[in-house]
Amino acid sequence: RLKPSIDFQFEVNAKGSSPAEILGTTYKTTLKPALNALANETKRLIISKRDESIDLQKQLQGIAKMLEEKRSHVSVLQAKHNEMTGQLDSLDREIQTHVSRCAADARKLKDELEKKEHHMSTVEKEAEEFLKNSEEGLQAALRETDEETQMCARELLKLIDSIAEYKEFVEQSTAEMKKDLYECVDDIASLSVKIV
């Protein structure tokens, strides 16, 4: 573990009874000053570490104080959290109650809508049936009207033909009557000549 900054070599005498005999004659001149320097460095390090320890203790006290403040702050936050949790639980219960009421209203509205849909379906079927019957009645009325119209048209054509025939008959009769009248006038005229 000893790593002195000076380079030296020695042989250990296992038969020696004192450090000088065990380590050799260079113990006091080479190794001991290195050990003293190491001891002084160790003391310096111990003092430095003690000062660092004092600083660390002061920092630790500051950290402990800060942690205590943080704990106090956490306690306040925990109290607020508990209060908010209570309010949220209360709000959650109110929401659940409102949701249940809305669900009941929705079921009621759904039932009413289903009844109205059933009623509308019935009315629609009745309207379709009425429309179908009306269309059939209209088609029947149109057929009947068409037949009556065709029959009236035929009778009108017959009437027109009859009028044309009657007109022709009247014209022919008128022509014959005129001819007979002219002949009668001629006969009267020839009679009056003979009489004179």
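A salt bridge here is a side-chain nitrogen of Lys or Arg within 4 Å of a carboxyl oxygen of Asp or Glu. The views below come from a predicted model.

**View 1. Glu 52 and Lys 49 meet in a salt bridge.** The N to O distance is 3.8 Å. That counts as a salt bridge because the cut-off is 4 Å. Both residues sit in helix α2. They are 3 residues apart, about one turn of the helix. Glu 52 is partly exposed, at 39% relative accessible area. Lys 49 is classed as exposed because its relative accessibility is 51% and the class begins over 50%.

**View 2. Arg 44 pairs with Glu 41.** Their closest N and O atoms lie 2.2 Å apart. Helix α2 carries both partners. The spacing is 3 residues, about one turn of the helix. Arg 44 is partly exposed, with a relative accessible area of 45%. Glu 41 is also partly exposed, at 34%.

**View 3. Glu 68 forms a salt bridge with Arg 71.** The closest N and O atoms are 3.3 Å apart. Both residues belong to helix α2. Again the two positions are 3 residues apart, about one turn of the helix. Glu 68 is partly exposed, with 48% relative accessible area. A search of the whole structure finds 3 salt bridges.

**View 4. Leucine and isoleucine side chains form a nonpolar surface patch.** The members are Leu 156, Leu 157, Leu 159, Ile 160 and Ile 163. Together they offer about 480 Å² of accessible area. Ile 163 lies in helix α2, which covers residues 27-195.

**View 5. The whole chain holds 2 helices and 0 strands.** Helix α2 takes in residues 27-195. The chain has 196 residues, and buried residues make up 3% of them. About 18,000 Å² of the chain is exposed. Carbon and sulfur atoms supply 59% of that area.

Conventions:
Residues are numbered from 1 along each chain as its sequence is written. This is a predicted model: local features need pLDDT of at least 70, side-chain atom pairs count only at pLDDT 80 or more; totals for chains, interfaces and linings use all residues. Side-chain values use heavy atoms; hydrogens and water are left out. Patches are made of residues with over 30% relative accessible area and no salt bridge: like charges are joined within 9 Å, nonpolar side chains (Val, Leu, Ile, Met, Phe, Trp, Tyr) within 5 Å. Accessible areas come from the Shrake-Rupley method with a 1.4 Å probe; for residues, only the protein chains shown count as cover. Helices (H or I, at least four residues) and strands (E, at least two) are DSSP runs, numbered from the N terminus. Buried means under 20% relative accessible area, exposed over 50%, partly exposed in between (1.4 Å probe, protein chains only).
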